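Trainee: I would like a close look at one part of this model. Could you take me slowly through the helix that I keep coming back to, along with its surroundings?

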Amino acid sequence: MRLEEEIKMNKFRNAYQKASLNLMFTGEWLVARIDGLLKPYDISSQQYNVLRILRGQQGKLINLYEIQERMLNKMSNATRLVEKLRLKGLVTRELCEHNRRKVEIAITEKGLELLETIDPLMADLEVSLFKNLSEEKADQFNDILDSMRE
């Protein structure tokens, strides 16, 4: 459905306003679909993002600051997210031997197994979300989004 119909707004100040609103609306739409996929696994999209970051470490420990730097949502409370994941047995937290104020985090086997379960479902969702875009158009879309942040 077109943005005008979704938000019941027929006129925009200009194409930039429409693009801005369209991007925000679509971002929320996308997150809602991802959250729906993750709900049965009792994790949020932000917790999923932390698990993906930790898996990318390939067994190496990482601190909270580095996790926060890599998160998609920079406003997330990484400490709270990691603690929730720890309570679920998906990550470990250990004090750094060299700096007692630094906490190092790693994904557990249970966390890796959860990601292995979710990965094919997420891949299917991504294909379904972008079914109306060719791979070429998806590349162009990525270029446009990257250009916005330059």
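Mentor: Happy to; we will follow helix H2 from its start to its end, then turn to the pockets beside it and to a few residues elsewhere. Please keep in mind that this is a predicted model, and that the values below are computed from it.

Let's begin with the helix itself. H2 covers residues 15-38. With 24 residues at 1.5 Å a residue, H2 should span 34 Å, and its end C-alpha atoms are indeed 34 Å apart, so the expected and modelled lengths agree. Its N-terminal end is capped by Asn14, where a side-chain oxygen lies 3.0 Å from the backbone nitrogen of Tyr16.

Ahead of that cap, the loop between H1 and H2 holds Lys8. Phi of Lys8 is near 55°, a positive value in a residue other than glycine. Lys8 counts as exposed because its relative accessibility is 72%, and the cut-off for exposed is over 50%. The loop on the other side of the helix, between H2 and H3, has a residue to set beside it: Asp42. Phi of Asp42 is near 60°, again positive in a residue other than glycine. Asp42 is exposed too, with a relative accessible area of 53%.

Now, which residues of H2 are buried? They are Gln17, Ile34, Leu37 and Leu38. The buried residues of H2 pack against H3 and H6. An α-helix has 3.6 residues a turn, so residues three or four places apart point the same way. That is a handy thought to carry along when you look at Ile34, Leu37 and Leu38 in the list of buried residues.

To see the packing from the other side, go to Ile118, which lies in helix H6. Ile118 counts as buried because its relative accessible area is 0%. Setting aside residues up to four places away in sequence, Ile118 touches Leu37, Leu38, Tyr41, Ile43 and Tyr48. Leu37 and Leu38 are among the buried residues of H2. Tyr48 and Ile118 are 70 residues apart in sequence, yet their C-alpha atoms are 9.4 Å apart in space.

H2 also borders open space. The largest pocket has a volume of about 1400 Å³. It is lined by 32 residues, and the closest to its centre are Asn22, Leu23, Thr26, Phe130 and Phe141. H1, H2, H6 and H7 each supply at least two residues of that lining, and H2 gives the largest share, 11 residues. By type, the lining of the largest pocket divides into 16 nonpolar, 8 polar and 8 charged residues.

The second largest pocket holds about 830 Å³ of space. Of the 18 residues that line it, Leu30, Val31, Ile34, Arg52 and Leu72 are the closest to its centre. Ile34 is also one of the buried residues of H2. Two or more lining residues come from each of H2, H3 and H6, with H3 giving the largest share, 5 residues. This lining is made up of 10 nonpolar, 6 polar and 2 charged residues.

One last stop is the start of H6. Thr108 sits in the loop between strand S3 and H6, and Thr108 counts as buried because its relative accessibility is 16%, where the cut-off is under 20%. Beyond its neighbours within four places in sequence, Thr108 is in contact with Gly89, Leu90, Val91 and Thr92.

Definitions and conventions:
Residues are numbered from 1 along each chain as its sequence is written. This is a predicted model: local features need pLDDT of at least 70, side-chain atom pairs count only at pLDDT 80 or more; totals for chains, interfaces and linings use all residues. Side-chain values use heavy atoms; hydrogens and water are left out. On a 1 Å grid over the protein atoms alone, a cavity is a set of points where a 1.4 Å probe fits but cannot get out, and a pocket is an open set with protein on both sides within 12 Å along at least five of seven lines; lining residues have an atom within 4 Å of a point. Grid points are joined across faces, edges and corners, and a volume is the space filled by probe spheres set on the points. Helices (H or I, at least four residues) and strands (E, at least two) are DSSP runs, numbered from the N terminus. Ala, Val, Leu, Ile, Met, Phe, Trp, Tyr, Cys and Pro count as nonpolar, Asp, Glu, Lys and Arg as charged, and the others, Gly among them, as polar. The expected span of a helix is 1.5 Å times one less than its number of residues. Buried means under 20% relative accessible area, exposed over 50%, partly exposed in between (1.4 Å probe, protein chains only). Contact means heavy atoms within 4.5 Å. A polar contact is a pair of N or O atoms within 3.5 Å; within protein, one must be able to donate a hydrogen and the other to accept it, and residues adjacent in sequence count only if both atoms are side-chain atoms.
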